[in-house]
Amino acid sequence: MNFYVSFFTNISILITCAYLFNLLYKNLFQNASDTTKNIVLILTFIFSGWLAMKVGLQLHKGPVFDLRVVPIIFATLMIRNPVHVLIIGIGIAASRYGVNGITPNAWTGSINITILAFVSAGLVRLYRGKQAWSYPKKAAISLFTINIIQVTGIAIFGAVDRQEYLKNIMPYTLPLSILLGAFFIFIIYDFYKEQLLVDELRNKNLILIEQKQELLCTQKALEEKAAQILKDSKYKSEFMSNMSHELRTPLNSIILLSELIGDNEAKDEYSENKQYADIINGSSQELLRIINDILDLSKVEAGKMEIDWGEISMEDITQLLYHQIAPMAEKKKLSFHISIEDTAPKLFVSDGLRLSQILRNLLSNAVKFTDSGSIRLEIRQDSFTESIVFSVKDTGIGIDEENQKLVFDAFLQEDSTLKRKYEGTGLGLSISHQLARLLDGSLALNSIKGVGSEFTLRLPIQPKVERQLSSNSPLQ
């Protein structure tokens, strides 16, 4: 009867210890340090082993049967450090003397448990090298290995008569110990998986925290870099603006002097001095145009481009453009037409100087990149978007689809070879694109390589500045 009482008592103790440990681990030690958790885990296993021996089956002068091996088996499955498992085994072996004092049974029992401690540490080291092994496989190896070695140790070192143990005790205790050990291993399997999941989540959380810190550092570095880039861009724009002003003064003098030389030599149209003066004047005019483009670009980038809003006559601006572009087109034997639909407004609000600059850049480029065919400027009103649409169409070389976005970048053309065939800095379209935005409009491109291009400028009929002035009017 005592035999069965001992069994159920051991079962109750280990179940209670497992439950209490799981409860305390979740609520008190979940966020503790790894060192604290390891100490608590080791002490819990040692205490469980001592308690199992304390209520074991008493025979003669000491306990013969108990479930002291169950905590050791658990340790081989739950702990990954062989040294910790060895400490648990030696701790349980030392606690054997606290069961019924220093006796032959205690001595032989502590030796047996110490042997199990070293075997368990070896199993943990084996499992570390066999991470692909499943939990059931490792559990079966630990269960059978430790129980068989315990039985062998009791038979060799036990204070109980060997014959009596092998015939009357071991045939009952070994199968029951294996059966109950398997039962407890099954019970802690969920806890084992939960701990693996907790460890995995903790590691992922640590990784996420590190990544967050790295992202914050990267964001800070990018913000500092962006601020430095903006500062450098401002300095660059101011430098370009200042240099443009400084260059324009002597360049205007060169232009005036070349014109004076040309006027003085006008009587002799074959004069070399007149030819040289014309070359100097033409080159200076081109250089002045480039400097003006750079100055405009620097003003836009620095946010210093001022827009002079006012009422514009559609007829006046188109006539001015026609007189400027027609000679260029005629020189290349190109057809040039301006068509205005009846729906287009005769008067509208914008910046006449900047609008003329945009359209002149677009028409000049159309003439430059068209060798035959026609150039057209079509003006209409889009009632759906309440905007005025200026379309510049040509039958020129066209632009590949993948390169169409590049043409609005400063100093870029579709192909670097075009800079040699068609002279220019590539600033005109970039400036036009920026000016269109300043006029509350947009500039788009539709082109087919070898067929031609169409640049579409859309400007609002009622710009934002006009709406603001109207809303602030005291007559409202």
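Q: How much area does the chain expose, and what share of it do carbon and sulfur atoms supply?
A: About 27400 Å² is exposed, and carbon and sulfur atoms supply 59% of it. The area comes from the Shrake-Rupley method with a 1.4 Å probe, and for residues only the protein chains shown count as cover. This is a predicted model, in which local features need pLDDT of at least 70 and side-chain atom pairs count only at pLDDT 80 or more, while totals for chains, interfaces and linings use all residues. Residues are numbered from 1 along each chain as its sequence is written, and side-chain values use heavy atoms, with hydrogens and water left out.

Q: Why is Ser 447 called buried?
A: Its relative accessibility is 8%, and buried means under 20% (exposed is over 50%, partly exposed in between, 1.4 Å probe, protein chains only). Ser 447 therefore counts as buried. Among the 476 residues of the chain, 40% are buried.

Q: What makes the pairing of the Ser 447 side chain with Ile 399 a polar contact?
A: A polar atom of that side chain lies 2.8 Å from the backbone nitrogen of Ile 399. The cut-off is a pair of N or O atoms within 3.5 Å; within protein, one must be able to donate a hydrogen and the other to accept it, and residues adjacent in sequence count only if both atoms are side-chain atoms. The backbone oxygen of Gly 452 is another partner, 3.1 Å from a polar atom of the Ser 447 side chain.

Q: Where is Ser 447 found?
A: Look in strand 8, residues 442-448. Helices (H or I, at least four residues) and strands (E, at least two) are DSSP runs, numbered from the N terminus.

Q: What makes Phe 408 a buried residue?
A: Its relative accessible area is 14%, so Phe 408 falls on the buried side of the cut-off. Phe 408 is found in the loop between strand 7 (387-394) and helix 12 (418-421).

Q: Which residues does Phe 408 touch, not counting residues up to four places away in sequence?
A: They are Leu 429, Ser 430, His 433, Leu 443, Ala 444, Leu 445 and Phe 455, where contact means heavy atoms within 4.5 Å. Ser 430 is 22 residues from Phe 408 in sequence, yet their C-alpha atoms are 4.4 Å apart.

Q: Which residues of helix 2 meet helix 4?
A: Asn 38, Ile 42, Phe 45, Ile 46, Gly 49, Trp 50 and Met 53 do, facing a set in helix 4 that includes His 84 and Ile 87.
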